Amino acid sequence: MSNVGNSPESRDIAYVMHPYTNQEKHKEIGPMIAEKGEGVWITDTNGNKYIEGMAGLWSTSLGFNEQRLVDAATKQMQELPYYHLFAHKTTNPAIELAERLVKMAPVPMAQAFFCNSGSEATDTVVKMVWYYNNAKGRKDKKKIIARTKGYHGVTVAAASMTGLPYNHLDFDLPIANIMHTDCPHYYRFGEEGESEEDFATRMADSLEKKILDEGPETVAAFIAEPVMGAGGVILPPKTYFEKVQAVLKKYDVLFIADEVICGFARTGNMFGSETFDLKPDMMTVAKALSSSYLPISAVIVNEDVASTISANSGKIGTFGHGYTYSGHPVSAAVAVETLKIYEERDILGHVRSVAHHLQDGLRKFADHPLVGEVRGTGLIAAVELVANKETKENFDPKMAVGPYLVGRAQEHGAILRAMGGDGVAFSPPLIITGEELDMLVERFGKALDDTANWLRETGQWNG
């Protein structure tokens with residue numbers, strides 16, 4: 001590429017292929033280059049400061065300058081910068097982290113398998129489910145059901161389970177044996193006169209019908225986020241998981257809880273599974289596991305899954321799956337220290353004490369003419385923008401109303417995230433104070449008014 005230029009911005013445009021980015025538009029507007037972080041604040045190379053209202057990518061739970069995590073990484077780098085878990089090898093950080101995860105799980109679990117990202121963890125789940133059913137002699141029981149708008153990552157199998165169009169278009173996905181059932185968003189898909197509980201019943205009945213249509217002997221697992229994250233911060237309707245889990249038990253279908261976003265106090269409990277009374281057979285965790293200071297994730301499995309995999313590996317001669325960096329000692333040491341901080345500083349108690357600043361603050365915008373729904377729990381929330389409050393009509397996606405609002409929020413010093421259907425997501429670091437949450441909500445309010453004025457002034461909306 002010629003005429004690159006010497007600025008970091010021009011070099012970024014020339015050489016960096018950005019994830020989840022319109023590559024052509026990026027050539028026009030260029031990057032915001034984050035340079036420093038302190039607490040919940042990010043400073044760019046132009047000296048602008050922003051409240052990071054998304055904790056990076058739902059993940060930097062302890063903020064951007066936690067010295068204990070830096071020290072944990074430094075100490076482990078000096079002692080043992082790398083080793084692996086293959087062929088009976090291990091390290092002390094991996095052992096301690098696995099033990100902590102199994103013991104703190106919301107339901108009885110047996111073992112943890114380490115990966116490097118949420119995508120790798122959910123991809124690993126697919127292989128484990130298939131391996132498990134082959135071990136049990138159920139060669140046809142391989143289908144995995146996810147949900148429309150669910151998000152489970154971007155590797156081939158993980159992206160197949162993800163129920164969002166952009167993750168499938170032109171990637172030739174989803175792959176075989178992965179399918180989707182209805183999105184349980186009551187605001188968007190509930191029928192006129194239908195109660196939340198009746199909607200939940202309809203969702204469970206739809207899942208059961210899908211299992212029966214496919215053949216229960218072919219359906220192996222169901223995967224769900226306690227709160228659907230990137231699909232819109234969608235909370236389950238009342239009684240939904242109670243009814244869904246009854247269906248899964250009836251047909252001997254494994255239940256996988258994707259806790260990558262919800263895990264570690266985000267929803268007001270240590271796991272989203274506790275918030276909504278889930279009883280999973282397998283769980284995936286990542287992101288806040290290390291406060292995202294280093295890449296690490298885990299699949300946590302119950303005794304049935306662990307013992308079945310173990311016995312089959314004895315029959316075959318090995319469990320032929322793993323990563324060079326599975327349980328990387330530096331990442332594991334940082335994750336252990338992260339879990340210690342959650343406990344010692346009562347991060348969960350802090351979340352519960354300040355969450356109302358976010359939840360109540362955002363609900364004050366419920367009557368705003370642009371706002372269709374405000375939803376959330378703990379320190380995760382979303383505001384859905386609509387063209388018509390009465391009919392719940394969405395704006396034309398080409399108008400990019402949500403992204404416009406997020407851009408205005410950034411101008412006001414708050415980083416948020418736009419999601420499909422013009423939802424705006426909030427997921428700040430768990431250490432955020434009530435005062436900082438009030439500031440975040442205030443800056444969102446300014447961006448909301450800016451967006452309404454822009455739509456009116458350009459004649460795109462008369463709300």
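In these legends, "contact" means heavy atoms within 4.5 Å. The model is predicted: local features need pLDDT of at least 70, side-chain atom pairs count only at pLDDT 80 or more, and totals for chains, interfaces and linings use all residues. Residues are numbered from 1 along each chain as its sequence is written, and side-chain values use heavy atoms, with hydrogens and water left out. Helices (H or I, at least four residues) and strands (E, at least two) are DSSP runs, numbered from the N terminus.

**View 1. Helix α6 packs against helix α12.** Here α6 (residues 118-135) meets α12 (residues 303-316) at an angle of about 70°, with the axes 9 Å apart. Axes are lines fitted to C-alpha atoms, for helices over the stretch in contact, and angles run from 0 to 180 degrees between N-to-C directions. The two helices are therefore roughly perpendicular; angles of 65 to 115 degrees get that label, those under 35 are roughly parallel, those over 145 roughly antiparallel, and the rest oblique. The crossing is left-handed, that is, the near helix is turned anticlockwise from the far one by less than a right angle (clockwise would be right-handed). On the α6 side, look for Met 128, Tyr 131, Tyr 132 and Ala 135. Their partners in α12 are Asp 304, Val 305, Thr 308, Ile 309, Asn 312, Ser 313 and Ile 316. Sorted by class, this contact has seven nonpolar, three polar and one charged residues. Ala, Val, Leu, Ile, Met, Phe, Trp, Tyr, Cys and Pro count as nonpolar; Asp, Glu, Lys and Arg as charged; the others, Gly among them, as polar.

**View 2. Seven strands line up in an open, mixed sheet.** The order is β4-β10-β9-β8-β7-β5-β6. At the edges sit β4 (111-115) and β6, each paired on one side only. Direction ignored, neighbouring strands are turned by 25° against each other on average. Two strands count as a pair if DSSP finds at least two bridges between them; β4 and β10 (residues 297-301) have five, and they run antiparallel. Across that pair, Phe 114 stands opposite Ala 298. Helix α6 from View 1 packs on this sheet, touching β4, β5 (143-147), β7 (219-224), β8 (254-258), β9 (282-285) and β10, and its direction makes about 30° with that of β10.

**View 3. Helix α9 touches both strands and another helix.** Helix α9 (residues 196-214) lies across β5, β6 and β7, running at about 150° to β6. It also packs with α10 (residues 240-250) at about 20°, with their axes 8 Å apart. That is why α9 and α10 count as roughly parallel. Their crossing is right-handed. From α9 come Glu 197, Ala 200, Thr 201, Met 203, Ala 204, Leu 207, Glu 208 and Ile 211, and from α10 Tyr 240, Lys 243, Val 244, Val 247, Leu 248 and Lys 250. The class tally for this contact is nine nonpolar, one polar and four charged residues.

**View 4. A four-stranded open sheet carries helix α16.** This sheet is mixed too, in the order β1-β2-β3-β13. Its edges are β1 (34-38) and β13 (414-415), each pairing on one side only. Four bridges join β1 to β2 (residues 41-44) in the antiparallel sense, with Gly 37 opposite Ile 42. Helix α16 (residues 434-457) packs on the sheet, touching β2, β3 (49-52) and β13; its direction makes about 105° with that of β3.

**View 5. Helix α15 crosses α16.** The axes of α15 (residues 401-411) and α16 come within 8 Å and cross at roughly 130°. So α15 is oblique to α16, and the crossing is right-handed. Val 401, Tyr 404, Leu 405, Arg 408 and Ala 409 of α15 meet Phe 444, Ala 447, Leu 448, Asp 450, Thr 451, Trp 454 and Leu 455 of α16. These residues divide into nine nonpolar, one polar and two charged.

**View 6. The loop between α7 and β6 has a cis peptide bond and a positive phi.** Most residues other than glycine have a negative phi, and most peptide bonds are trans. In this loop, between α7 (156-161) and β6 (178-181), the bond from Leu 173 to Pro 174 is cis, with omega near 5°. Asn 177 lies in the loop as well, and has a positive phi of about 75° without being a glycine.

**View 7. Lys 27 and Glu 24 form a salt bridge.** The N to O distance is 3.0 Å; the cut-off puts a side-chain nitrogen of Lys or Arg within 4 Å of a carboxyl oxygen of Asp or Glu. Both residues lie in α2 (residues 23-29), three residues apart, about one turn of the helix. The structure holds 19 salt bridges.
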